[in-house]
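Colleague: Got a minute to walk me through this chain? I'd like to go over it piece by piece.

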Amino acid sequence: MKIGELAKLTGCSVQSIRHYEKEKLLATLRRSDGNFRLYDSATVDQLKFIKHCRSLDLSLAEIRQLIALNQQPGMGCEDVNRMIDSHIEQVALRINELQDLQDKLMALRTSCASQSTVKECGILQTLSVSRK
């Protein structure tokens with residue numbers, strides 16, 4: 001199949017497919033007489049794997065590592081577990097950072113009454129104060 005068909009079948013954009021090829025996450029199997037990229041069902045499966053990894057916010061480097069590990073089925077999965085454990089820790093840190101951000105925004109929001117003018121806006125006044 002051509003790249004447009006692959007994109008429709010997987011719900012992935014043509015640009016993303018080309019990017020994954022450039023990043024060596026997908027291999028172009030062959031080209032048609034008209035020099036179009038041609039893909040098979042294995043590419044569909046690989047692209048779905050990549051999309052699933054991306055939905056978990058795994059980086060391209062992490063996905064590349066998982067693909068390499070997946071090609072060694074006899075190996076233990078300790079490396080995979082370590083990677084996911086590390087990713088869980090990173091997500092936990094981001095959640096804490098986002099919670100702190102939400103708390104700051106909520107505190108900022110309480111500094112302004114809805115009926116005030118822009119000139120009297122507590123949010124804008126607070127944002128205008130330089131932080132050290």
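Modeller: Sure, and one cut-off first: a residue counts as buried when its relative accessible area is under 20%, and as exposed when that area is over 50%. Keep in mind that this is a predicted model.

Colleague: Start with Cys-112, then: is it buried or exposed?
Modeller: Cys-112 sits in the loop between α5 and α6 (122-128). Its relative accessible area is 15%. The cut-off for burial is under 20%, so Cys-112 is buried.

Colleague: Which residues does Cys-112 touch, leaving aside neighbours within four places in sequence?
Modeller: One partner can be approached through C-alpha positions: Cys-112 and Gly-122 are 10 residues apart in sequence, yet 4.4 Å apart in space. With those neighbours set aside, the contacts of Cys-112 are Cys-121, Gly-122 and Ile-123.

Colleague: And Cys-12, buried or exposed?
Modeller: Cys-12 is another loop residue, placed between α1 (3-10) and α2. Beyond its neighbours within four places in sequence, Cys-12 is in contact with Ala-7, Ile-17, Tyr-20, Leu-47 and Lys-51. Its relative accessible area comes to 8%. With the limit at under 20%, that makes Cys-12 buried.

Colleague: What separates the C-alpha atoms of Cys-12 and Ile-88?
Modeller: Along the chain, Cys-12 and Ile-88 are 76 residues apart. In space, their C-alpha atoms are separated by 26 Å.

Colleague: Where is Glu-89, and is it buried or exposed?
Modeller: Glu-89 belongs to helix α5, residues 78-109. From Glu-21 it is 68 residues away in sequence and 29 Å away in space, C-alpha to C-alpha. The relative accessible area of Glu-89 is 55%. Since the exposed class begins over 50%, Glu-89 in α5 is exposed.

Colleague: Let's step back to the whole chain. In what order do the elements run from the N terminus on?
Modeller: The secondary structure comes to 6 helices and 2 strands. Read from the N terminus, the order is α-α-β-β-α-α-α-α.

Colleague: What radius of gyration does the chain have, against a compact globule of 132 residues?
Modeller: Taken along the principal axes, the C-alpha atoms fill a box of roughly 70 × 40 × 25 Å. A compact globule of 132 residues would come out near 14 Å, but the radius of gyration of this chain is 23 Å.

Colleague: How much of the chain is buried?
Modeller: On the surface side, the chain exposes about 9800 Å², with carbon and sulfur atoms supplying 55% of that area. For burial, you take the share of the 132 residues that fall in the buried class, and it is 23%.

Colleague: What share of the contacts with a separation of 6 or more comes from residues 24 or more positions apart?
Modeller: Here the pool is the chain's contacts with a separation of 6 or more. Within that pool, residues 24 or more positions apart account for 42%.

Colleague: Now the largest pocket. Which element gives the most to its lining?
Modeller: The largest pocket has a volume of about 230 Å³, and its lining has 6 nonpolar, 3 polar and 3 charged residues. Lys-24, Asp-40, Arg-64 and Gln-71 are among the lining residues. Both α3 (41-55) and α4 (60-70) supply at least two residues each. The most, with 3 residues, comes from α3.

Colleague: Which loop holds Lys-24, and what is its phi?
Modeller: Lys-24 lies in the loop between α2 (14-22) and β1 (30-31). It is exposed, at a relative accessible area of 69%. Most residues other than glycine have a negative phi. For Lys-24, phi is positive, near 65°.

Colleague: Asp-57 has a positive phi too. Is it exposed, partly exposed or buried?
Modeller: Asp-57 is found in the loop between α3 and α4, and its phi is near 65°. Its relative accessible area is 35%. That value falls between the limits of under 20% for buried and over 50% for exposed, so Asp-57 is partly exposed.

Conventions: Residues numbered from 1 in each chain as written. Predicted model: local features only at pLDDT ≥ 70, side-chain atom pairs only at ≥ 80, totals over all residues. Heavy atoms only, no water. 1 Å grid on protein atoms, 1.4 Å probe; cavity = no way out; pocket = protein on both sides within 12 Å on 5 of 7 lines; lining within 4 Å. Points joined across faces, edges and corners; volume = space filled by probe spheres on them. Helix = DSSP H or I, 4+ residues; strand = E, 2+ residues; numbered from the N terminus. Nonpolar A, V, L, I, M, F, W, Y, C, P; charged D, E, K, R; others polar. Buried < 20%, exposed > 50% of the residue type's maximum accessible area, 1.4 Å probe, protein only. Rg over C-alpha atoms; globule rule 2.2 N^0.38 Å. Contact = heavy atoms within 4.5 Å. Areas by Shrake-Rupley, 256 points an atom, 1.4 Å probe, with all protein chains shown as cover.
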